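This report goes through selected features of one protein chain. Please keep the sequence and the structure in view while reading.

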Amino acid sequence: MKFLKYALFTLLGIIALALIVALFVPKAFHAEGTTVVNKPNAEVFNFVKYLKNQEKYGVWFRMDPNIQKAYDGTDGTVGFKYTWKSKEVGNGAQVITKIDENKRVDFDLFFEDSTDASKSFITTEAVSENQTKVRWVVDGEMPYPFNLMGLCYDMNKDFEQGVLNLKEVIEKQ
């Protein structure tokens, strides 16, 4: 019985410590990936402005090939909504909010049925006639105490791998 009591107090102490640490961990997060694709800017932009194409290069789609997807609107236009459900990578939605042709596509990104959007965008910039710099960025906030996950999980790796996957996919076309 004494062991059970000590185990319970230890567990409660660990939980309390985690909640205290989470008070001091930033809630805001930023992740991005950048690469140069050996294709003209217009061709690269015309690929990334379609949200459905993220299925070909986003790391999350490779982690769970059984993601359930739904679409609302016309892909590649402002207002298009892409939703997904997954036991492996979670649920979410993306909405195209702005398109600056051949330069930038902005998205609102919603994780786990949240009503607070994280802001995401992809930019393309011609480096030369046949090379394009691609930058994929997300900025948002994780609510307390989930912000504690920021200490254990680096989303930058996902975006860096995502743009490398994008480079591979587009250069094979």
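Which residues of α5 are buried?

## Helix α5 and its cover

The model is predicted. In α5, the buried residues are D158, F159, G162, V163, N165, L166, K167, V169 and I170. The elements that cover these buried residues include two strands, β1 (28-37) and β7 (131-141), as well as α2 (41-48), α3 (54-57) and α4 (59-63).

Helix α5 covers residues 156-172, 17 residues in total. At 1.5 Å a residue the expected span is 24 Å, and the C-alpha atoms at its ends are 25 Å apart, so the two values agree.

## Strand pairing around β7

Strand β7 pairs with β1 in the antiparallel sense, over 10 bridges. One of the residue pairs is T35 with V134, the latter in β7.

Strand β6 (residues 118-128) also runs antiparallel to β7, and nine bridges join them. Here T123 has R135 of β7 as its bridge partner. The connection from β6 to β7 is a hairpin through two residues.

## Salt bridges

Side chains of opposite charge can pair when their charged atoms come close. The structure holds eight salt bridges, and three are described here.

Within α5, E171 and K167 form a salt bridge with an N to O distance of 2.9 Å. These residues are four apart in the helix, about one turn. K167 is among the buried residues of α5, whereas E171 is partly exposed because its relative accessible area is 30%, and buried would require under 20%.

A second salt bridge joins E101 to K49 at 3.3 Å, N to O. This pair links distant parts of the chain, 52 residues apart: E101 lies in the loop between β4 (92-100) and β5 (104-111), and K49 in the loop between α2 and α3. E101 counts as partly exposed at 44% relative accessibility, while K49 counts as buried at 11%.

The third is between E43 and K39, where the closest N and O atoms are 3.7 Å apart. E43 has a relative accessible area of 34% and is therefore partly exposed; K39, at 15%, counts as buried.

## A nonpolar surface patch

L8, F9, L11, L12, I15, L19, I20, L23, F24 and Y144 make a nonpolar surface patch of about 1,000 Å². One of these residues, L19, is found in helix α1 (residues 2-24). L19 counts as partly exposed because its relative accessibility is 35%; a residue needs over 30% to be part of a patch.

Notes:
Residues are numbered from 1 along each chain as its sequence is written. This is a predicted model: local features need pLDDT of at least 70, side-chain atom pairs count only at pLDDT 80 or more; totals for chains, interfaces and linings use all residues. Side-chain values use heavy atoms; hydrogens and water are left out. Patches are made of residues with over 30% relative accessible area and no salt bridge: like charges are joined within 9 Å, nonpolar side chains (Val, Leu, Ile, Met, Phe, Trp, Tyr) within 5 Å. Accessible areas come from the Shrake-Rupley method with a 1.4 Å probe; for residues, only the protein chains shown count as cover. A salt bridge is a side-chain nitrogen of Lys or Arg within 4 Å of a carboxyl oxygen of Asp or Glu. Buried means under 20% relative accessible area, exposed over 50%, partly exposed in between (1.4 Å probe, protein chains only). The expected span of a helix is 1.5 Å times one less than its number of residues. Contact means heavy atoms within 4.5 Å. Two strands pair if DSSP finds at least two bridges between them.
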